[in-house]
Amino acid sequence: MSRKIHLALHPYGVGGPGQHGLWKDPRVANNSSVDINYYIRLAQAAEHALFDALFIVDSQFINATYPAHYLNRLEPLTLLSAVATHTKHLGLVATASSTYNSPFNLARRFASLDHISGGRAGWNVVTSFDTGASKNFGLDEHLDYATRYGRALEFVQVARGLWDSFEDDAFPADVDRNLFLDPAKLHTLNHVGEHLKVAGPLNLSRSPQGQPVIFQAGVSEEGRDLAAQVAEGIYAPGGSLEQARDYYADIKRRTASYGRDPDHIKIFAHGSPIVAATDEAAKRREREIFEEDDDFDRNLALLGRSFGAYDFSVHDLDAPFPDVAHLAEKGGRTGAAKIIARAESEHLTLRQVAESLREFRHSPFVGSPQTVADSIEEWFNAGTFDGINVAFRTEEEIAAFVDGVVPILQKRGLFRTEYEADTLRGNLGLPIPRNQFSREPQLTND
């Protein structure tokens, strides 16, 4: 079987959105989110299990109501540079904002991670969800949707241009000719666009994989179009099997419409597998987790994130959901629109909307190792994902998945039994990008 499942690991630390009770679990050290040894252990466990990547999320704004992991966590590129020195094959994907960074600085940092890791870096491009981030970067207002996504597209194009500053054979280092650099192989970008102006060149050569792999999480129309134009990996929004299948087909269709090979974009669904000795035990644990995380005040605060960190506690909880649509335009517009539409159609109060965020929803990947493997195979064959971005609350739960489910997937020919390559691109089956300035034919991983 040529098509195989890809797996990435998404650490929770002491608990992000929706995992409000995780920091109280005695198996989770309360400094996990800032302990580099915690991330190294997870990365090594993932690499031992032949996972494709470790994925680190990030944001650049908090207030006291934010989830525990958000309040105190390491910067992703710094974190992954340390992890790179303790791993050999695992991809290292960092989240970084195209709104609150400069292209030259960010391109250099990702290129550095790519070199440090030997070609295993990936960039999860975000336009920044939290409107409060603007004030941390000297701006009075968060950019609107159209501006953020227009800037993001141009930002990625500029970064790729900078990563092509040197052709692969630009450094002959020929002592006899007194020639360290062949100046004909150095290219200055001189980009002037609608949102950005960057001269270049970058002071760092291309890595073994050519360029870091571009990831994106496209949900809105703008997000899906950005993903179809530039992404090589997608973090999908989830939902039912039918919704996931529709999303997968839509992204692949859009990718083809931009003249790209749909096989060169890998879609990762989010999954939080719960594996136990029996289906019944796993379902009990799923319900226990729901109860551990069910915190109304935290849910109310989490609701505010989609509306620019708005404080809903100032409203009467039992009055109709307040008119806050204007706050969503510069925040989480897609998610906010769904919240508002449901509140209006079902005549929900603010309390009911907040409670709906924690409605119990059964995960498809819960049960014995056999059951979880069966479900993963069903979803994979149904055309819902190319891979799963898996998240586990504890290291023991990672071990249960790795020891129980992964061998079954391998036996069925659905998951690798050894790494295909030393680079993230190679393991994902993605081509090495051609240097846009080179006249020479470019090698690929195909």
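How do the residues of the lining of the second largest cavity divide into nonpolar, polar and charged? Four are nonpolar, two are polar and two are charged. The points below start from there. Keep in mind that this is a predicted model.

1. **The second largest cavity.** Its space comes to about 40 Å³. The lining residues are H20, T65, Y66, P67, R298, A301, L302 and R305. The split, once more, is four nonpolar, two polar and two charged.

2. **The largest cavity.** A search of the whole structure turns up three cavities of 30 Å³ or more. The largest cavity holds about 50 Å³ of space. Its lining consists of A111, D114, W163, L202, L204, S205, R206, S207, G210, Q211 and P212. Five of these residues are nonpolar, four are polar and two are charged. Two names in this lining are worth tracking into the helix contacts: A111 and W163. A111 belongs to the α4 side of the contact with α5, and W163 to the α5 side.

3. **Helix α4 against helix α5.** Helix α4 covers residues 103–116 and helix α5 covers residues 145–163. Their axes are 9 Å apart, and the packing angle is about 55 degrees. Angles under 35 degrees would count as roughly parallel, and 65 to 115 as roughly perpendicular. The pair is therefore oblique, with α4 and α5 falling in neither of those classes. The crossing of α4 and α5 is right-handed. From α4 come P103, F104, L106, A107, F110 and A111. They meet F155, V158, A159, L162 and W163 of α5. The class split is stark: 11 nonpolar, no polar and no charged residues.

4. **Helix α3 against helix α4.** What angle do α3 and α4 make where they pack? It is about 15 degrees, with the axes 9 Å apart. Helix α3 spans residues 76–84. The two helices are therefore roughly parallel to each other. The crossing of α3 and α4 is left-handed. On the α3 side, the contact uses L77, L80, S81 and A84. On the α4 side, it uses L106, R109, F110, L113 and I116. Seven of the contact residues are nonpolar, one is polar and one is charged. L106 and F110 of α4 appear here, and they also appear in the contact with α5.

5. **Helix α5 against helix α6.** Helix α6 runs over residues 221–230. The axes of α5 and α6 come within 10 Å and cross at roughly 10 degrees. That makes the two helices roughly parallel. Helix α5 supplies Y145, Y149, A152, L153, V156 and R160. Helix α6 supplies E222, G223, L226, Q229 and V230. By class, there are seven nonpolar, two polar and two charged residues in this contact.

6. **The second largest pocket.** This pocket has about 370 Å³ of space. How many residues line it? The count is 18, and S2, R3, K4, H6 and K266 lie nearest the centre. Two elements give two or more residues each to the lining: α7 (241–257) and α15 (424–428). Helix α15 gives the most, with three residues. The lining has four nonpolar, six polar and eight charged residues.

7. **Backbone at P201.** The peptide bond from G200 to P201 is cis, with omega near 0 degrees. Most peptide bonds are trans. P201 sits in the loop between β6 (197–198) and β7 (213–216). Check that bond when you look at the loop.

8. **Backbone at L50.** Which sign does phi of L50 have, positive or negative? The value is positive, near 70 degrees, and the residue is not a glycine. Most residues other than glycine have a negative phi. L50 lies in the loop between α1 (36–48) and β2 (53–56).

Notes:
Residues numbered from 1 in each chain as written. Predicted model: local features only at pLDDT ≥ 70, side-chain atom pairs only at ≥ 80, totals over all residues. Heavy atoms only, no water. 1 Å grid on protein atoms, 1.4 Å probe; cavity = no way out; pocket = protein on both sides within 12 Å on 5 of 7 lines; lining within 4 Å. Points joined across faces, edges and corners; volume = space filled by probe spheres on them. Helix = DSSP H or I, 4+ residues; strand = E, 2+ residues; numbered from the N terminus. Nonpolar A, V, L, I, M, F, W, Y, C, P; charged D, E, K, R; others polar. Axes fitted to C-alpha atoms, helices over the stretch in contact; angles between N-to-C directions. Parallel < 35°, antiparallel > 145°, perpendicular 65-115°, else oblique. Left-handed = near helix turned anticlockwise from the far one by under 90°. Contact = heavy atoms within 4.5 Å.
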